[in-house]
Every structure is written in structure tokens, then in C-alpha cells.
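Me: I would like to learn how to read a ligand site and a domain interface in a structure. Could you take me through them step by step?

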Amino acid sequence: MSTFSAVDVITTKRDGGVLSNDAIGWMLNSYVAGLVADEQMSSLLMAIFFNGLSPEELRTWTACMIDSGERLDLRGLSRPTVDKHSTGGVGDKISLILAPLVAACGAAVPQLSGRGLGHTGGTLDKLEAIPGWRAVLTNDEIRDQLEEVGVVICAAGAGLAPVDRKLYALRDVTATVESIPLISSSIMSKKIAEGTGALLLDVKVGRGAFIKDYERARTLAATMVSLGNDHGVATVAQLTAMDAPLGRAVGNALEVTESVDVLRGEGPADVRELTLALARIMVSLVGIDVDPETKLNDGSAYEVYKQMITAQGGDADAEMPLATHRSTVDATRSGVIQSIDALQVGLAAWRLGAGRARKEDPVSAGAGVLCLVRPGDQIEAGQPLFEIHADDVEHLERGHQSLSDALVIGEGAVTPTPLLLDRIQ
Ligand code: URA
């Protein structure tokens, strides 16, 4: 392999030039090997933040990230594989319902997930609220469970795109997270390495999303769709609104309970609507001609969910953990709920103990928020708006303060905003 100078590579990108495939490969491999220092990679990341990567550079950068580790081979399974990735939203428990639902339709869903950081929760944190449930599986266990149950939600192993861990940790402390080529390569390298044949990206946009601007979300979606398709993964992106929390529950155990409600044919209408819309895209991506609504209504998706939890050591019928302290946030005036700020609710759940500030922090299973009202509801002064749950009084108070500005009460009727925005394929 050719040898480059890290300083020359950084200079090229800093001055708006184009990096050769060899230079990108050398830089990433040398960084993993410890030959390129953190401060040099930080400079390159900042240069990419300002000057971007061309489509060709991004393809190579992503391919090198994938090649930094193993790639699961799921081609021998008897069902077609399709996964979903969400860029993260408040109350976004859709995976817990969607993955078993799509498996009930006949696909295999390898959902290799992460833990939450900041105001959006992680799927693994939610499932870990279930007594006994195990997030870490071997590659053989993943393949066996996909064949037998049709779905696995587990931790993405350290072997998948390992350079991403190092890069992400560096981006986090160098203000270079919010770069479209760096976000796209980070997400897509892990999803392509997991071996899925098809992928649906749920790109959240709005107040409670990682990306708040619609055009930026579209660009991120289109960039990830091209990367997936270039690497042989049939990829579609659905842009969805994340202005208000999804459903009522925000917090780990609270969200599992709400997901089970939806699997049993109950639960909030928006969670059900979004799950079914995403499930329809996923089954069509792999050519399965089944309407997911039939599998939700006849209980098959719930059966698959229980099998999935049991296969990973969990007790699907166990009582979910409850936080020890509860209180409500009440309306200070009468009127109509104009909006609920998903970001404020997410931050409140986090302050109540449901999320973590650093990746090694523990999370509380029971902490979180139940939103008792929706935009458009007529309310009276004194009526409870949120129910908050925490393990101690200090957390409860912090959550209470965060919710005081989370909701706007006005006079006029509210026009419902659509959940499903654009689709990119
Ligand atoms: N999620 C990821 O995995 N990577 C990013 O860069 C952003 C969100």
C-alpha cells in the first residue's frame, strides 16, 4: 500500500481538494493502527465538516470503514433480510413493534442497534428494562435466531466497522458530529456490515430530531440511500415528522409497555400508523405480498415479539419495572394545546434518569414521561398534562422544571400535521 503524509492529506482537504482512494484508505487504516494521531484525524474531520466529501470520496470512505471490521453473511437464511434504522426521535419505540411485525410477514429482521445518548433513547436501553433480556449475542446466535424466530434486536458487535467507534468518539469531542458525509458513512458502514439485504431509513426531522432542517434531512436521506444502493443493499428512506413525541410514553420501561399495547391492538394511533406505514415499505422492499395490518390485528406480530424476547432470555410476561416516585405537571390555564416540544420532553425524560450523558452511564428502567395530552386537545386549568416518573425526588424535580415550557396552550383549533413526509428511493 502507498504511504502518504497525514499532513498532506489534511492540507488537500483543508484547501478544498479531492482525496484519492488510496489516501483515504491509508488515512483510515493508519488511524486504526495508531500511526495517525487523534489530533491529525480531528483536523481531517474538521476539514471534511467544512468542505464535505465528493460522492466518490464518500463511497471510498464508507467502504474503508466497512473493511475495518467483519461483515456478517446472512445470505444463507431461508427468508429475505430487511432492517430499519431510525435517526432517533423522542418516544420512538417503533422498532420494538415493527421488527417482529415484519418478521411475522415472512422476512428476517436483523436489527443490530445501539444505546441512547442525549435526549433520544436507544432501543437496547428500552429492551433491557425487560427482566432477563440479553442484548449481546454471538454471530451464530444472531443467525440461528433469525432462522428460527425471524427477528433479532441486539447490540451491534465491536467487530462491525470498528473504526466508527474511534471516529465517533473523536467527532463527539471536536464538534464534528453534524456533518452529512460523516453521519451517513457512520450509519451506513454499520448497517452494510451487518449483512442485511434491504434497509429502510426512518429519517426524523423537526424539533425533537437530530436534524431540524427539512432540506438537510432530505440531503442526509438521499446520501444514505445512494451509499446503501452502491453497496448492494436495497435502500429506501422515509422522512418522518419529529416535532411532538411519538405516542404517549417516553422512557425505557414505559415505552416497552406502550409497544406491547400496540402489539395487542391497542396503544396510540400515531405509533400504530407509523409502524404500519414503515412495515409496508419494508415488506415491499423484499417482495413479500402480505399486508402487515393483518399480522398486527391477528396477534401474530405479538407472538413473534414474545418469541424474540424469550429467545434472548427475557420474560415477556414479567411486570415492567416502575420508578418509585411519580408526580404530574398540571396546566396553568385553560385552552387548546397548540404544540408539544419533543426536544423538551426528551430532555425531561433524560433528566428524570431515562437517558445518559456519557456512554458508560447507567439508565433508569422506570424513569420517564407519559404525555397525557396531544396537540389539538382542549384542556382546563389544573388538568394534568404530563405524568413524570423517577427513582428519587431530585430527578423528579429536574424533570418537572424541564417540562414547564414544553407545551404551548392557545385558543385556536390546531390543524393536524402529517407524520409521513417525503420518501427517497
Ligand atoms: N448515529 C450514528 O451511528 N452515527 C452518527 O454519526 C450519527 C448518528
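Reply: We will look at the ligand and its surroundings, and then at two of the domains, keeping in mind that this is a predicted model.

Me: Which residues surround the ligand?

Reply: A residue is counted here if one of its heavy atoms lies within 4 Å of the ligand, and those that surround the ligand are Y168, R171, I183, S186, I187, K190 and F210. By class, this shell holds four nonpolar, one polar and two charged residues.

Me: Where are the polar side-chain atoms in relation to the ligand?

Reply: A polar contact is a pair of N or O atoms within 3.5 Å. A polar side-chain atom of R171 lies 2.8 Å from an oxygen atom of the ligand, an N or O atom in the side chain of K190 is 2.5 Å from a ligand oxygen, and the side chain of S186 has an N or O atom 2.6 Å from a ligand nitrogen. The ligand taken alone exposes 240 Å², and the protein buries 83% of that.

Me: Which element gives the largest share of the shell?

Reply: That element is α9, with four residues; α8 (162–173) and α9 (180–193) are the elements that each give two or more.

Me: How is the size of an interface described?

Reply: It is often given as the accessible area lost when the parts come together. Between domain 1 and domain 2 the buried area is about 1,100 Å², and carbon and sulfur atoms give 80% of it. On the side of domain 1, Y31, L45 and F49 supply 52% of the area buried against domain 2, more than any other three residues.

Definitions and conventions
Residues are numbered from 1 along each chain as its sequence is written. This is a predicted model: local features need pLDDT of at least 70, side-chain atom pairs count only at pLDDT 80 or more; totals for chains, interfaces and linings use all residues. Side-chain values use heavy atoms; hydrogens and water are left out. A polar contact is a pair of N or O atoms within 3.5 Å; within protein, one must be able to donate a hydrogen and the other to accept it, and residues adjacent in sequence count only if both atoms are side-chain atoms. Accessible areas come from the Shrake-Rupley method with a 1.4 Å probe; for residues, only the protein chains shown count as cover. Ala, Val, Leu, Ile, Met, Phe, Trp, Tyr, Cys and Pro count as nonpolar, Asp, Glu, Lys and Arg as charged, and the others, Gly among them, as polar. Buried area is the accessible area (1.4 Å probe) that two parts lose on being put together, summed over both.
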